[in-house]
Amino acid sequence: MGIWAVRAPLPLFVGALNCNNKSLHLHLQQRRKRFNIITCTTSTSASTSVLEVNEIRKRCKKWQWKGQYSINYLVSSNPNSLSNSSLLLVHGFGASIPHWRRNIAVLEKNYTVYAIDLLGFGASDKPAGFSYTMEAWAQLILDFLAEVVQKPTVLIGNSVGSLACVICCLRQLLMIGGSSCYLPLLWFFDFLLRQRVIASAIFERVKQRDTLRNALLSIYGNKEFVDDVLVEIIREPANDEGALDAFVSIVTGPPGPNPVQLMTSISLPVLVLWGDNDPFTPLDGPVGKYFSSLPSQKSNVKLFVLEGAGHCPHDDRPDLVHEKLLPWLANFPASPGT
C-alpha cells in the first residue's frame, strides 16, 4: 500500500506531538464542513483502458496556488454521467498525473475525475527554497478542493499521496517530534545530500533510465508494465529546473506523520488496497500488520489484499483495483448537496 514518508522503506518514526497550529486546524475544520471530504486511502485505482501520456498532457490545466505557484492538474468527466461525485487522484513520490493513465478512462465513466501534480513533482512548479512537507502538500490539496473542485470529493492516493489525503481529513495534525534518535546512517546521508556537488551526482545517477527501470522493477509485481513509457513518466520531470532542489528538500526533510497514529482519528469511510508484494510497506511489517487488523477494530475501514501487486497497484494491477474500488464507490452514502 505504501502510505509512507519519503524515507521508505526505512522510515524512522521518533515520536508524535499534537500540532498547535490553530489557523491550520481551523482551516481543516472549515474545509471538512464545506466540502464533506471523504478519504479513500489506496495505492490504487485501476483500469484496462490506457490513456496516452500526450493526451493527458494536452488536457491538463494550470492553477495558481497562493498566487505564486503554478500547479498542474487534470479534470475529466463523462457528460452523460448521472453522478455528481468527484474523485481526486494524488500520486506518490517521484510520480505525476500520467501515473494514473490506466485509471482515468474507467473512473471518468461515472465520476468527475481530478488529478493533481503535487508541488515539486510532474509539471507543477519546483520552487527553490520551498520546504516540502506532508503538511504543505495536504494544505495544497485542501486549497485545490476549495478553489477548483468546490464539491464533495473522494480522495484517492498512492504512497505519500495517501498520507497527504489522510492528513486532509483529520481534525488535528500530528507531526514528528525530536531528532536525537535519527540513525547515524540516515543523518550522514542527509549531510551528503546537502552538499550541492554530491547531491547533483546522486540525482543524475538516480534519474538514469536503467536506474529508474531497476527501481520500478523492484516495486512492481507486474513486471510487464515497467515499460519505456513508465520510465519516462518518472524521468522527464526530473530534468525540469528546480528538480534537484526539490529532490534534496524532500529526501532530507521531515518524514511526515506516522500513518498508524493518524488512522486512529479517522472516522470517515476508508478503503485500503494493499499489494501483497509491496516491498516498501510489506504486509508482515509493523504497519502492514496494523492495517490488516484495522477492519476488525474500525467499522469505517475496509481492506483488501491484492495478489501479485506491488507498491503501486493502481498502475501495477489496475484490474484488481477496479474490482474492489468501483463497488465501494458505487455503494458510497450520498453526501449532502449531491
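The following legends describe close-up views of a predicted model.

Local features need pLDDT (the predictor's confidence in each residue, from 0 to 100) of at least 70, side-chain atom pairs count only at pLDDT 80 or more, and totals for chains, interfaces and linings use all residues. Residues are numbered from 1 along each chain as its sequence is written, and side-chain values use heavy atoms, with hydrogens and water left out.

**View 1. Confidence along the protein.** The average pLDDT is 76, and 72% of the residues score at least 70. Among the elements (DSSP runs numbered from the N terminus: helices, H or I, at least four residues; strands, E, at least two), strand β3 (residues 61–65) has the highest mean pLDDT, 98, and strand β1 (residues 16–18) the lowest, 25. Residues 1–47 have pLDDT below 50, yet this stretch makes 192 contacts (heavy atoms within 4.5 Å) beyond near neighbours in sequence. Where pLDDT is low, the predicted coordinates should not be read in detail.

**View 2. The ring pair Trp274 and Phe291.** Rings of Phe, Tyr and Trp (its six-membered ring) pair if their centres lie within 6.5 Å; planes under 30 degrees apart count as stacked, over 60 as edge-to-face and the rest as tilted. This rule gives 12 aromatic pairs. The ring centres of Trp274 and Phe291 are 5.5 Å apart and the planes meet at 55°, so the pair is tilted. Trp274 lies in strand β9 (residues 270–275) and Phe291 in helix α12 (residues 286–297), 17 residues apart. Both residues are buried (under 20% relative accessible area, 1.4 Å probe, protein chains only; exposed is over 50%, partly exposed in between).

**View 3. An aromatic cluster.** Trp65, Tyr69, Phe93, Phe121, Phe130, Tyr132 and Trp137 together form one cluster.
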